[in-house]
Amino acid sequence: MRMLNWICVAALAVVVGCGEKPTAEGPDAAEVAAASALYVAEAEPEGAVGVGDARESVESDQAVTLVGTIGGSSKPFVEGMAAFTIVDPKVPYCSADEGCPTPWDYCCTQPQVKENIATVKVVDADGSPVTYDARKLLNVKELSTVVVQGTAKRDDQGNLSVAANKVFVRAE
């Protein structure tokens with residue numbers, strides 16, 4: 001009888017599994033590569049300023065070119081869009097020998113991050129967020145150094161974000 005119960009459970013699992021709809025795998029590599037060509041700069045833009053300096057001087061709706069390192073939290077990438085946070089390169093991130101499993105969260109220098117962080121949102125020609133994953137679109141990861149060009153946005157608390165139309169990724 002026990003064997004019959006297991007057979008019924010296994011059969012039921014197969015029937016239920018067969019009824020599931022396949023999940024969307026997202027855009028294919030060719031689609032991401034085509035979009036990438038629109039947003040990745042071939043050469044590093046001149047005149048980039050660090051995030052900390054920009055937070056002190058840049059006003060909303062001003063054209064800006066920033067340099068920063070992807071990080072600032074344990075999860076610096078925004079799911080579902082090409083967006084992430086960057087930290088001024090002058091702020092040191094934790095090294096592996098300091099026992100930090102996620103050095104890009106700046107756990108060793110967190111007090112310095114507050115005034116040296118910005119959010120980057122890659123936007124299309126209409127200003128709408130690009131919905132590809134930034135890691136695939138730009139071929140970046142945590143601690144990649146990027147130079148972004150776009151338009152600055154400030155909120156009521158003084159936080160800085162950039163609606164970026166071009167991103168240059170520095171070689172590691």
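Of the contacts between residues at least 6 apart in the sequence of the chain, 66% join residues at least 24 apart. The model is a predicted one, and its average pLDDT is 86, with 85% of the residues scoring at least 70. Residues 1-24 have a pLDDT under 50 throughout, and the model shows 0 contacts beyond four places in sequence for them. Where pLDDT is low, predicted coordinates should not be read in detail.

The chain contains 5 helices and 7 strands. Read from the N terminus, the order of these elements is α-α-β-α-β-β-β-α-β-α-β-β. The chain has 172 residues, 38% of which are buried. The exposed surface of the chain amounts to about 10,400 Å², and 55% of this area is supplied by carbon and sulfur atoms.

In soluble globular proteins, nonpolar side chains tend to be buried together. In this model, the largest nonpolar core comprises 30 residues. Leu66, Phe84, Ile86, Leu137, Leu138 and Val148 have the most contacts inside this core. Two or more residues each come from the helices α2 (29-39), α3 (51-57) and α5 (134-138), and from the strands β2 (63-70), β4, β5 (117-122), β6 (145-154) and β7 (160-169). The most is given by β7, which contributes 4 residues. Another core, of 5 residues, lies apart from the largest one and includes Val87, Val91, Tyr106 and Ile117.

The count of aromatic pairs is 2. One of them joins Phe77 and Phe84, with the ring centres 6.1 Å apart and an angle of 55° between the planes, an arrangement classed as tilted. Both Phe77 and Phe84 are buried. Tyr93 and Tyr106 form an edge-to-face pair, because their ring centres are 6.2 Å apart and their planes stand at 80°, an angle over the 60 degrees that this class requires. Tyr93 and Tyr106 both lie in the loop between β4 (83-87) and α4 (110-113), so the pair ties together parts that are 13 residues apart in sequence. Tyr93 has a relative accessibility of 42% and counts as partly exposed, whereas Tyr106 has 0% and counts as buried.

The count of salt bridges is 6. One of these is formed by the side chains of Lys153 and Asp61, at an N to O distance of 2.8 Å. Lys153 belongs to strand β6 and Asp61 to the loop between α3 and β2, so this salt bridge ties together parts that are 92 residues apart in sequence. The relative accessible area of Lys153 is 35%, which makes the residue partly exposed; that of Asp61 is 56%, and Asp61 is exposed.

Arg135 and Asp133 also meet through their side chains in a salt bridge, again described by an N to O distance of 2.8 Å. Arg135 is partly exposed at a relative accessible area of 28%, and Asp133 is partly exposed at 23%. A network of salt bridges links Arg135 and Asp133 with Glu79.

A further salt bridge joins Glu172 to Lys141, with 3.8 Å between the closest N and O atoms. Glu172 is located in the segment after β7 and Lys141 in the loop between α5 and β6; the pair therefore ties together parts that are 31 residues apart in sequence. Glu172 is exposed, with a relative accessible area of 77%, while Lys141 is partly exposed, with a relative accessibility of 44%.

Notes
Residues numbered from 1 in each chain as written. Heavy atoms only, no water. pLDDT = per-residue confidence, 0-100. Contact = heavy atoms within 4.5 Å. Phe/Tyr/Trp six-rings, centres within 6.5 Å; stacked < 30°, edge-to-face > 60°. Buried < 20%, exposed > 50% of the residue type's maximum accessible area, 1.4 Å probe, protein only. Areas by Shrake-Rupley, 256 points an atom, 1.4 Å probe, with all protein chains shown as cover. Core = buried A, V, L, I, M, F, W, Y, C linked by side-chain atoms within 4.5 Å. Salt bridge = Lys/Arg side-chain N within 4 Å of Asp/Glu carboxyl O.
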